[in-house]
Amino acid sequence: MARNPLIAGNWKMHKSERQAEEYIQALLPRVAALEGVGVAICAPYTDLKALADSARGSRVEVYAQNMHQEDQGAYTGEVSAPMLSEAGVQGVVLGHSERRAQFGESDHALALKVPAALRAGLTPLLCVGESEQERDAGDTERRLRQQIAEDLGGVAAEQLSELVIAYEPVWAIGTGRVASPEQAQEAIAFIRALLAARDERAAQQVRILYGGSVDPDNAAGLLELPDIDGALVGGASLQVDSFARIVAAARR
Ligand code: PGA
């Protein structure tokens, strides 16, 4: 089954609203002709409304980088899925390794966040992946199995196809140590098999991206593999030119 590739740029805590606006105006003409490739910008909260307004009607979708699992309540400093949806946002990154490691994001919270995003009409982009220690100990599959089981525990089998999953080995994020295409392919095929055990059809439809030190030079070698449906790009998404080149490399 053909799955359209998705290239998502994760800006992390970079770019003010003014910088975001300049970026999107430069990006839109660069990606307009790339039929069949989905593009998402995952931006800080303060950029989302302006980006969504500028990208409306284009192939570029706007994603947040986190959200709270409740729709509203006494949760100072948090933002909910319906709030993002009303701002024109189409999706949300959940469970990024920086949030897991630095902000205590738990699998328990993710099990609530993923269905909350779906209820609000947002595409959850769930990040999973093993640490270097886990890889060295031969624990990669155990870790992936645990994250997929716990984080997606609240999602009905037939809804799995509405998700995007990013396989991001923690040791490859921001380090310049990209996984080899074979390593990425193997882990992604494993994740797809885990999903297939719940729902064969949904597993064939869900897009599974690779993330971790993707750049314009290594993108094509990863994206040409049949199981790798796109990329979640951090550092190389901050410049329009390098991000647009990665989007172009996804064209099948
Ligand atoms: P990187 O980040 O491309 O800078 O390694 C990827 C990510 O954190 O999603």
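Two strands count as paired here if DSSP finds at least two bridges between them. With that in hand, welcome to a short tour of this predicted model.

**View 1. The whole chain, with its 11 helices and 8 strands.** Let us start with the overall picture. Along its principal axes, the C-alpha trace spans about 45 × 45 × 35 Å. The radius of gyration is 17 Å, which agrees with the value near 18 Å for a compact globule of 252 residues. Buried residues account for 54% of the chain. Of the contacts between residues at least 6 apart in sequence, 72% join residues at least 24 apart. The accessible surface is about 11,000 Å², and carbon and sulfur atoms own 49% of that area. If you care about charges, there are 24 positive and 35 negative side chains, with the centres of the two sets 3 Å apart.

**View 2. Strand β8 and its partners β1 and β7.** Strand β1, residues 6-10, runs parallel to β8 and shares 4 bridges with it. Here G9 sits opposite V233 of β8. Strand β7, residues 207-211, also pairs with β8 in the parallel sense, over 2 bridges. In that pairing, Y210 has A231 as its bridge partner. Which residues of β8 point one way, and which the other? G230 and L232 take one side, A231 and V233 the other, and all are buried. That fits a general pattern: side chains in a regular strand alternate between the two faces of the sheet.

**View 3. Helix α2 and what covers it.** This helix covers residues 45-55, and its buried residues are D47, L48, A50, L51, A52 and A55. What lies over these buried residues? The cover includes helices α1 (17-31) and α3 (81-86), along with strands β2 (38-42) and β3 (60-64). After α2 comes G57, with a positive phi near 85 degrees.

**View 4. Two loop residues with positive phi, K15 and S213.** Neither one is a glycine. K15 has a phi near 85 degrees and belongs to the loop between β1 and α1. S213 has a phi near 60 degrees and lies in the loop between β7 and α10 (219-223). Why is S213 counted as buried? Its relative accessibility is 18%, and buried means under 20%. K15 has 21% relative accessibility, so K15 counts as partly exposed.

Definitions and conventions: Residues numbered from 1 in each chain as written. Predicted model: local features only at pLDDT ≥ 70, side-chain atom pairs only at ≥ 80, totals over all residues. Heavy atoms only, no water. Rg over C-alpha atoms; globule rule 2.2 N^0.38 Å. Buried < 20%, exposed > 50% of the residue type's maximum accessible area, 1.4 Å probe, protein only. Contact = heavy atoms within 4.5 Å. Areas by Shrake-Rupley, 256 points an atom, 1.4 Å probe, with all protein chains shown as cover. Lys, Arg positive; Asp, Glu negative; His and termini not counted. Charge placed at Lys NZ, Arg CZ, Asp CG, Glu CD.
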